[in-house]
Amino acid sequence: MATAVASTSATAPLPRTTHVDKILERSGPYTDEQFQAGDIVKDFLRNHCKVLVIGAGGLGCEILHNLALTGFRDIHVIDMDTIDVSNLNRQFLFREKDVGRSKAQTAAQFVERRVPGVKVTPFHGKIQDKDEAFYLQFNIIICGLDSVEARRWINATLVAMVDEENPESLKPLIDGGTEGFKGQARVILPTITSCYECSLDMLARQTVFPICTIANTPRLPEHCIEWASVLEWPRVFGDKKLDNDDPDHIQWLLDTAQTRAKAHNIEGVTWSLTQGVVKNIIPAIASTNAIIAAACTQEAFKFATTAAPYLNNYMMYTGNESVYTYTFEHEKRPDCPVCGGESRDVDVQPDWPLERILEYLLETQDLQLKKPSLSGPKGPLYFQAPPQLEEATRPNLQKPLGELLSHDDELIVTDANLPFQLSLRLRFPGAVDASDLAAVPAAR
Ligand SMILES: [Zn+2]
């Protein structure tokens, strides 16, 4: 990684890119086969390579400053958020006077001011506001996001953009993510490598504790905190709403949870855990962001210059138990609804109510659905919105599948979380496929 060389002597400081230039001037034992050292690659990096950074938060601030110091000069950044006072501890491109301002704009101005010659073009808004033409102009796209939904959207968009006739339509996506002391960086070549959707089952499940455990058999400090917030608060305070930002409310939960923990010999109920459980906070640690952002930036640099082979394709960093990193090739899923070609088969029984399909969808970790709506070959079966349609289709939830659908029918699933339509192929037991019949020799 290049750093500015501040000369302490009277001589003029060296240009910022001196060290990067050394890498680009000649091949070495580790450079990629395609690498062509010299001015062409330097010219491409500085004058032609357009990079988009999605997110100007904890990861985004790090990625932006790393890109600028690595020699990228045409950087774009997109973020819909404004700066909050709680961001200032790690999003170091922002100052107190910037609170309330656009993250993208403030970050862009800061980097331009500090690294002369670099142009950072901000967009304050949602990634969904931009169309394919916007994304087509970039050579590399880097995600520094904390939202699964936004990642799914950009991933599906970039996969759909790939046109086999036009190699320029394939945009490498470098995705970074952190959670506390853990993080990952990955390189996605849409339609070629496994995509973001292929690996959704690797996400940690949203922690939901069964209510009977909370009520009767607590084992963890979290169970006691959930008991205090979910069961005791409404019992004691009735309709009064719990305010997660009110320190008095958190204190009450802490005291209540500690009393219960003591009764069950459970240790570890603290103020920060209480706050974490009720607010569902994922701690953001600046140094983890720095590690992951550095990995993402190096991958962008290697893509832009071919100076070294790029990551294939998933790097995990684990800092919560000692330090451990691991790189592996995450494989494509043939039934990935975004990049795979196969529809997903679901074995069902004809007497199951339609509701059971909804339950299956909500429980399936690699789908991450919130409120799925269902359509069959003949039209809507169950829609969650608008309310009139929900009411009209609700009776279908109790009807048996055999009455609504046939073997091999396709069920189309839509959901606010899904940036595409998911198709399920229903398989009734004992039914015979038309394709299987064709394989059976004709009876003589
Ligand atoms: Zn995929």
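This is a short tour of a predicted model, stop by stop, with something to select at each one.

**The whole chain**

Start zoomed out with a cartoon. You have 15 helices and 13 strands on screen, and the C-alpha trace spans about 85 × 75 × 40 Å along its principal axes. If you colour by accessibility, 46% of the 444 residues count as buried.

**The zinc ion**

Now select the zinc ion together with C195, C198, C336 and C339. Their SG atoms coordinate the metal, at 2.2 to 2.3 Å. What arrangement do the four donor atoms make around the zinc ion? Check the angles in your viewer: they run from 95 to 119 degrees, so the arrangement is tetrahedral, given that all angles must lie between 85 and 135 degrees for that label. For reference, the ideal angle for four tetrahedral donors is 109.5 degrees.

Look at the sequence next, where the donors follow the spacing C-x2-C-x137-C-x2-C. Pick out C195 and C339 from this set: the pair links distant parts of the chain, 144 residues apart. C195 sits in the loop between β6 (182-188) and α7 (211-216), while C339 sits in the loop between β8 (324-328) and β9 (344-347). Are these two cysteines buried or exposed? C195 has 0% relative accessibility, so it counts as buried. C339 comes in at 14% and counts as buried because the cut-off is under 20%.

**C212 on helix α7**

From C195, follow the chain on to helix α7 and select C212, which lies in that helix. UniProt, in an unreviewed entry, places the feature "active site" at this residue, C212. Switch on a surface here: with 48% relative accessibility, C212 counts as partly exposed.

**The second largest pocket**

Select P172, L189, F303, T306 and Y310. Of the 21 residues that line the second largest pocket, these are the closest to its centre. The volume of that pocket is about 490 Å³. Which helix gives the most to the lining? That would be α11 (residues 286-305), with three residues. Colour the lining by class and you get 14 nonpolar, three polar and four charged residues.

**C143 and L173**

Jump to strand β4 (residues 140-144) and pick C143. The relative accessible area of C143 is 1%, so this cysteine is buried. Add L173 to the selection and draw a distance: the two C-alpha atoms are separated by 7.4 Å, with these positions 30 residues apart along the chain.

**Two cis peptide bonds**

Go to N312 and N313 for a backbone check. The peptide bond from N312 to N313 is cis, with omega near -15 degrees. You'll find N313 in the loop between α11 and β7 (314-318).

Then select A385 and P386, which are also joined by a cis peptide bond, here with omega near -5 degrees. P386 has its place in the loop between β11 (379-382) and α13 (387-393).

**Two positive phi values**

Last stop: backbone torsions. N265 has phi near 55 degrees, a positive value in a residue other than glycine. It lies in the loop between α9 (247-263) and α10 (271-279), and its relative accessible area of 74% makes N265 exposed.

Finish at Q368, where phi is about 50 degrees, again positive although this residue is not a glycine. Look for Q368 in the loop between α12 (355-363) and β10 (373-376). With a relative accessible area of 22%, Q368 is partly exposed.

Methods
Residues numbered from 1 in each chain as written. Predicted model: local features only at pLDDT ≥ 70, side-chain atom pairs only at ≥ 80, totals over all residues. Heavy atoms only, no water. Donors = N, O, S within 2.8 Å, 3.2 Å for Na, K, Ca; no water. Tetrahedral: all angles 85-135°; square planar, octahedral: opposite > 155°, others 65-115°. Helix = DSSP H or I, 4+ residues; strand = E, 2+ residues; numbered from the N terminus. Buried < 20%, exposed > 50% of the residue type's maximum accessible area, 1.4 Å probe, protein only. 1 Å grid on protein atoms, 1.4 Å probe; cavity = no way out; pocket = protein on both sides within 12 Å on 5 of 7 lines; lining within 4 Å. Points joined across faces, edges and corners; volume = space filled by probe spheres on them. Nonpolar A, V, L, I, M, F, W, Y, C, P; charged D, E, K, R; others polar. UniProt positions renumbered as here; feature names shortened; annotations may be inferred.
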